[in-house]
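This briefing goes through one protein model and its ligand. Please view the sequence and the structure together before reading the points below.

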Amino acid sequence: MALERTFSILKPDATERNLTGAVNAVIEKAGLRIVAQKRIHMTRNQAETFYGVHRERPFFGELVDFMVSAPVVVQVLEGDNAIARYRDVMGATNPANAADGTIRKLFAKSVGENTVHGSDAPETAAIEIAQFFAGNEIVG
Ligand code: GDP
């Protein structure tokens with residue numbers, strides 16, 4: 001199995017409800033290591049850049065408003081097949097469809113306020129990590 005890194009965000013609904021430790025416990029129990037982590041308040045520009053692929057979607061404005069509404073925790077997670085593994089641990093985008101035991105099933109409020117982000121492929125993981133972390137901030 002390949003040791004990979006993926007990019008994670010604990011979204012505003014997680015920080016607002018003081019759930020960052022609870023979410024991190026699920027992440028660590030799944031065998032993923034948090035090798036970088038910081039709490040930031042995203043600027044609108046950062047959120048628009050990050051979700052640029054969704055710019056034409058009807059929910060884009062709502063998504064950006066949400067991501068800048070409160071602090072977030074950005075993270076780099078490391079582990080065997082970390083990208084797919086974290087997507088499994090996160091659960092489906094809409095918590096109504098998320099499997100039992102997944103972060104979104106446990107904690108998400110709605111399809112928009114769904115507690116976590118995780119990269120969907122190696123290329124996006126690399127771009128997303130580089131948007132928020134310098135190399136020397138990641139300590140594996
Ligand atoms: P993900 O990879 O599972 O996070 O899902 P997507 O890449 O499809 O969507 C990115 C993010 O946009 C989701 O995590 C949600 O926060 C948000 N989003 C997706 N669909 C909707 C929607 O129908 N309404 C709203 N308000 N937000 C959405």
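The points below cover the sheet, the helix on it, the salt bridges and the ligand site.

The model is predicted. Its four-stranded open sheet has antiparallel pairing, and the structure holds six salt bridges. The protein buries 78% of the area that the ligand exposes when taken alone.

**Sheet order and edges**

- The four strands are arranged in the order S2-S3-S1-S4, with antiparallel pairing.
- Strand S2 (33-40) and strand S4 (116-118) are the edge strands; each has a single partner strand, so one side of each has no neighbour in the sheet.
- On average, neighbouring strands of this sheet are turned by 20° against each other, direction ignored.
- In general, the strands of a sheet pair through backbone hydrogen bonds, in a parallel or antiparallel way.

**Strand S1 and its partners**

- Strand S1 covers residues 3-10 and pairs with S4 in the antiparallel sense over three bridges.
- Two residues of this pairing can be placed directly: Leu 10 is opposite Val 116 in S4, and Ile 9 is opposite His 117 in S4.
- S1 and S3 run antiparallel and are joined by eight bridges.
- On that side, Glu 4 stands opposite Gly 79 in S3.

**Helix on the sheet**

- Helix H5 (residues 82-90) packs on the sheet and touches S1, strand S3 (72-80) and S4.
- The direction of helix H5 makes about 35° with that of S1.

**Salt bridges**

- There are six salt bridges in the structure.
- One of them joins the side chains of Arg 5 and Glu 78, at 2.8 Å from N to O.
- Because Arg 5 lies in strand S1 and Glu 78 in strand S3, this pair ties together parts that are 73 residues apart in sequence.

**Ligand site**

- The residues around the ligand are Lys 11, Tyr 51, His 54, Phe 59, Glu 62, Leu 63, Arg 87, Thr 93, Arg 104, Val 111, Gly 112 and Asn 114.
- A polar atom in the side chain of Thr 93 lies 2.6 Å from an oxygen atom of the ligand.
- A polar backbone atom of Gly 112 is 2.9 Å from an oxygen atom of the ligand.
- For Asn 114, an N or O atom of the side chain is 2.9 Å from an oxygen atom of the ligand.
- The ligand taken alone exposes 550 Å², and the protein buries 78% of that.

Key. Residues are numbered from 1 along each chain as its sequence is written. This is a predicted model: local features need pLDDT of at least 70, side-chain atom pairs count only at pLDDT 80 or more; totals for chains, interfaces and linings use all residues. Side-chain values use heavy atoms; hydrogens and water are left out. Two strands pair if DSSP finds at least two bridges between them. Axes are lines fitted to C-alpha atoms, for helices over the stretch in contact, and angles run from 0 to 180 degrees between N-to-C directions. Contact means heavy atoms within 4.5 Å. A residue is near a molecule or strand if one of its heavy atoms lies within 4 Å of it. A polar contact is a pair of N or O atoms within 3.5 Å; within protein, one must be able to donate a hydrogen and the other to accept it, and residues adjacent in sequence count only if both atoms are side-chain atoms. Accessible areas come from the Shrake-Rupley method with a 1.4 Å probe; for residues, only the protein chains shown count as cover. A salt bridge is a side-chain nitrogen of Lys or Arg within 4 Å of a carboxyl oxygen of Asp or Glu.
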